[in-house]
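Dear colleague,

I am passing on the structure below, and after it you will find my notes on how the chains and helices meet. Please read the notes with the structure open beside them.

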Number of protein chains: 2
Amino acid sequence: MGKRKAAEPDISIAKCGYRLLLEIIGSKWAVLAIYAMEGGDVRYGEFLRRIEGISKKMLTQTLWQLERDGLLERDIHDTVPPGVEYRLTPLGRSLLVPLRHMKSWAIDHYPLVRKARDAFDQRADLVAGGETEGQS
Amino acid sequence: MGKRKAAEPDISIAKCGYRLLLEIIGSKWAVLAIYAMEGGDVRYGEFLRRIEGISKKMLTQTLWQLERDGLLERDIHDTVPPGVEYRLTPLGRSLLVPLRHMKSWAIDHYPLVRKARDAFDQRADLVAGGETEGQS
C-alpha cells in the first residue's frame, strides 16, 4: 500500500460505480423509502407516518425520483377517492440485495463505530480541556 | 393524514440498520472518500484532486467524521513540513465489502435505470406538451 498516486485528476472517481450509485440513491430518504416498500405496497400517508422526519416535499420528490429511475411503480386503484399505492419494481427489488449487505454491516459493526466515536470524543475533550490548538 | 388505522409510527425504520448505516455513511462524500482510500494511503491534497466537486470544508468535515467513527486513521510523517496520510482502518476496510456489492449493482443496473429515466422523461414531455409550454 502507499503507492503514490499520479498528479492529474483521477477522473475514475467521477465516473466510477460509486458515482452511478450515488446518483441513484444519493439521498438517505431514497434508501428509507425503498426500505419502507420492502414488505409490500405502501400508501403516501404511510410513508409519512413510517419514515420519521421526512417532510411531504421531500417524500414527493423522493418518490418522483425513484419512479423516474424505474425503481418504483404506482398502482392507482379505481376507488373514490382514487387510491394510490407505491411498490418496488423488479429493478427496485434487485437493489434490496446489496442494500441488505450494507444493512448487515451496519448492524454488525455499529458497536465498534460507537466505541471509536466515544474514544475520539474523549480525546477531543482532553485536548479542549488542556490547550486549544488551531485545526486546519 | 392517518386515513388507515394502522396509525402507530413504524419506529423500526427509525431504529433499523439503515438508519445506523446512514448515520455512518449518509453523505456521498463519505462514500467517495472511502473509495479514494481503497488503493492505499491518500494525502489531503490528493483527495481534493481526485474527488471531483468536493470543497475543502466538506473534505475536512468528511475526514473528521470518518476518523471519529473509527473508519479512517491518520499517519503523521516526521518530515519538514510534517506529512499526513489518511488510510482506512480494518473497520473501514470491512465496509469496502458491502460497498463493492452496491457498486456492482450500480454498474450492472445503470443502463436499466437510464432507460427508465429516458422513458419517464419522454412521457413527462408528452404530458407537458399537451398541457403547457416551457416546463421541463
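The crossing of α2(A) and α3(B) is right-handed (left-handed would mean that the near helix is turned anticlockwise from the far one by less than a right angle, right-handed that it is turned clockwise). This is a predicted model, in which local features need pLDDT of at least 70 and side-chain atom pairs count only at pLDDT 80 or more, whereas totals for chains, interfaces and linings use all residues. Residues are numbered from 1 along each chain as its sequence is written, chains are lettered from A and ligands numbered from 1 in the order in which they are written, and side-chain values use heavy atoms, with hydrogens and water left out.

To place that crossing, α2 of chain A spans residues 17-25 and α3 of chain B residues 28-36, and their axes come within 10 Å and cross at roughly 170°. Helices here are DSSP runs of H or I with at least four residues, numbered from the N terminus, and axes are lines fitted to C-alpha atoms over the stretch in contact, with angles from 0 to 180 degrees between N-to-C directions. The two helices are therefore roughly antiparallel to each other (angles over 145 degrees; 65 to 115 counts as roughly perpendicular, under 35 as roughly parallel and the rest as oblique). In contact (heavy atoms within 4.5 Å) are A:Tyr18, A:Arg19 and A:Leu22 with B:Lys28, B:Trp29, B:Val31, B:Leu32 and B:Tyr35.

Within chain B, the axes of α3(B) and α5(B), residues 56-68, come within 10 Å and cross at roughly 75°, which makes α3(B) roughly perpendicular to α5(B). Here B:Trp29, B:Ala30, B:Ala33 and B:Ile34 of α3(B) meet B:Met58, B:Thr62 and B:Leu66 of α5(B).

As for the chains as wholes, 65 residues of chain A and 64 residues of chain B take part in the contact, and together the two chains bury about 6,600 Å², 66% of it on carbon and sulfur atoms (buried area being the accessible area, with a 1.4 Å probe, lost on putting two parts together, summed over both).

Five salt bridges are counted between chain A and chain B, while the structure holds 17 over all chains (a side-chain nitrogen of Lys or Arg within 4 Å of a carboxyl oxygen of Asp or Glu). B:Glu23 pairs with A:Arg117, their closest N and O atoms being 2.4 Å apart, and this pair crosses between chains, from α2 of chain B to α6 (residues 90-130) of chain A. A:Asp69 and B:Arg117 also meet in a salt bridge, at 2.6 Å from N to O.

With best regards
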